Amino acid sequence: MIQVGSTLPEVDFGLLVDGEMTNPGTNELFSDKRVVLFAVPGAFTPTCSQAHLPGYVALADKIKAKGIAAIYCVSVNDAFVMKAWGESQNAQQIDMLADGDGSFTKALGLDKDTGSFGGTRSTRYAMIVDDNVVTGLFVEKDKEFSVSRAESVLEKL
């Protein structure tokens with residue numbers, strides 16, 4: 001599993017911008033800036049839609065006021081699902097990154113097999129990344145939801 005002090009692996013994401021598919025890479029998204037990244041097991045799922053993403057939507061201004069250039073949400077979903085989920089959650093200040101084949105999640109060592117839920121998905125986590133280097137890592141255990149919450153991450157900034 002990735003650790004504090006590690007450099008993020010170079011992976012391309014799916015991101016819909018103005019109706020066009022783009023594929024920004026890790027270096028493009030994380031270099032020369034400080035960002036918060038959080039991951040969810042699946043878009044439109046209960047905890048993700050009722051608490052995880054809404055927390056970041058509600059606290060986006062406060063998080064960015066701490067010197068954060070961008071907030072990224074990543075899930076092992078496609079870019080169309082991520083775009084629709086972000087729109088349904090009024091997440092205009094959050095970039096919804098699709099890790100369609102799970103390559104980023106697997107490279108981090110934060111993948112898990114959910115069986116009939118959807119196969120390989122991401123563990124729920126959040127991280128602070130400064131110029132492509134992980135400076136804070138908050139990984140949830142099993143079905144817990146505490147350390148990756150927006151409120152918890154804001155306290156660490």
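This short presentation describes the fold, the central sheet and the buried core of one protein chain.

Good morning. I should say at the outset that what we have before us is a predicted model. I will begin with the chain as a whole, then turn to the sheet, the helices that pack on it, and finally the core.

The chain contains 5 helices and 9 strands. Read from the N terminus, these elements follow the order β-β-α-β-α-β-α-β-α-β-β-β-β-α. The radius of gyration is 14 Å, close to the 15 Å that the globule rule gives for 157 residues, so the chain is as compact as a globular protein of that length. In extent, the C-alpha trace covers about 40 × 35 × 30 Å along its principal axes. Of the 157 residues, 50% count as buried. Contacts also reach across the sequence: among those between residues at least 6 apart, 61% join residues at least 24 apart.

Let us now consider the sheet. In what order do its strands lie? The order is 5-4-3-8-9, in an open sheet of 5 strands with mixed pairing. Strand 5, residues 94-98, and strand 9, residues 133-139, form the edges, and each of them pairs on one side only. From one strand to the next, the twist averages 20°.

For those new to the subject, a general remark may help: strands of a sheet pair through backbone hydrogen bonds, in either a parallel or an antiparallel manner. Both arrangements can be found here. Strand 4, residues 70-75, runs parallel to strand 5, and 5 bridges join the two. As one example, Ser75 has Ala98 of strand 5 as its bridge partner. Strand 3 and strand 8, by contrast, run antiparallel and are joined by 6 bridges. Here Val36 stands opposite Ile128 of strand 8. Strand 8 and strand 9 are likewise antiparallel, again with 6 bridges, and Asp130 faces Val133 of strand 9. These two strands form a hairpin with 2 residues between them, and in this hairpin Asp131 adopts a positive phi near 50°.

Is strand 8 mostly covered or mostly uncovered? Strand 8 is mostly covered, with 5 of its 6 residues buried. Just before this strand, in the loop that leads from strand 7 (120-122) to strand 8, we find Thr123. Thr123 counts as buried because its relative accessibility is 14%, which is under the 20% cut-off. If we leave aside neighbours within four places in sequence, Thr123 is in contact with Ala39, Leu110, Asp111, Lys112, Val139 and Glu140.

We come next to two of the helices. Helix 3, residues 79-88, lies across strand 4 and strand 5, and runs at about 155° to strand 5. One residue numbered within that range is Trp85. Not counting residues up to four places away in sequence, Trp85 touches Val40, Ala43, Phe44, Cys48, Ser49, Leu53, Cys73 and Met96. The other helix, helix 2, will reappear when we reach the core.

In general, nonpolar side chains tend to be buried together in soluble globular proteins. In this model, the largest nonpolar core has 28 residues, and those with the most contacts inside it are Phe38, Tyr56, Ile63, Trp85 and Ile94. At least two residues each are supplied by strand 3, helix 2, strand 4, helix 3, strand 5, strand 8 and helix 5 (150-156). Which element makes the largest contribution to this core? It is helix 2, with 6 residues. There is also a second, separate core of 22 residues, and its members include Phe13, Leu29, Leu37 and Tyr72.

My last topic is the aromatic rings. Across the whole structure, 4 aromatic pairs are found. One of them involves Phe38 and Tyr56: the ring centres are 3.9 Å apart and the planes lie at 5°, so the pair is stacked. This pair links distant parts of the chain, since Phe38 belongs to strand 3 and Tyr56 to helix 2, 18 residues apart. Phe38 is buried, with a relative accessible area of 0%, and Tyr56 is also buried, at 0% relative accessibility.

To close, I would ask you to keep two points in mind. The sheet is open and mixed, with 5 strands. Helix 2 gives the largest share of the largest core. Thank you for your attention.

Key. Residues numbered from 1 in each chain as written. Predicted model: local features only at pLDDT ≥ 70, side-chain atom pairs only at ≥ 80, totals over all residues. Heavy atoms only, no water. Pairing = 2+ DSSP bridges. Helix = DSSP H or I, 4+ residues; strand = E, 2+ residues; numbered from the N terminus. Axes fitted to C-alpha atoms, helices over the stretch in contact; angles between N-to-C directions. Contact = heavy atoms within 4.5 Å. Buried < 20%, exposed > 50% of the residue type's maximum accessible area, 1.4 Å probe, protein only. Core = buried A, V, L, I, M, F, W, Y, C linked by side-chain atoms within 4.5 Å. Phe/Tyr/Trp six-rings, centres within 6.5 Å; stacked < 30°, edge-to-face > 60°. Rg over C-alpha atoms; globule rule 2.2 N^0.38 Å.
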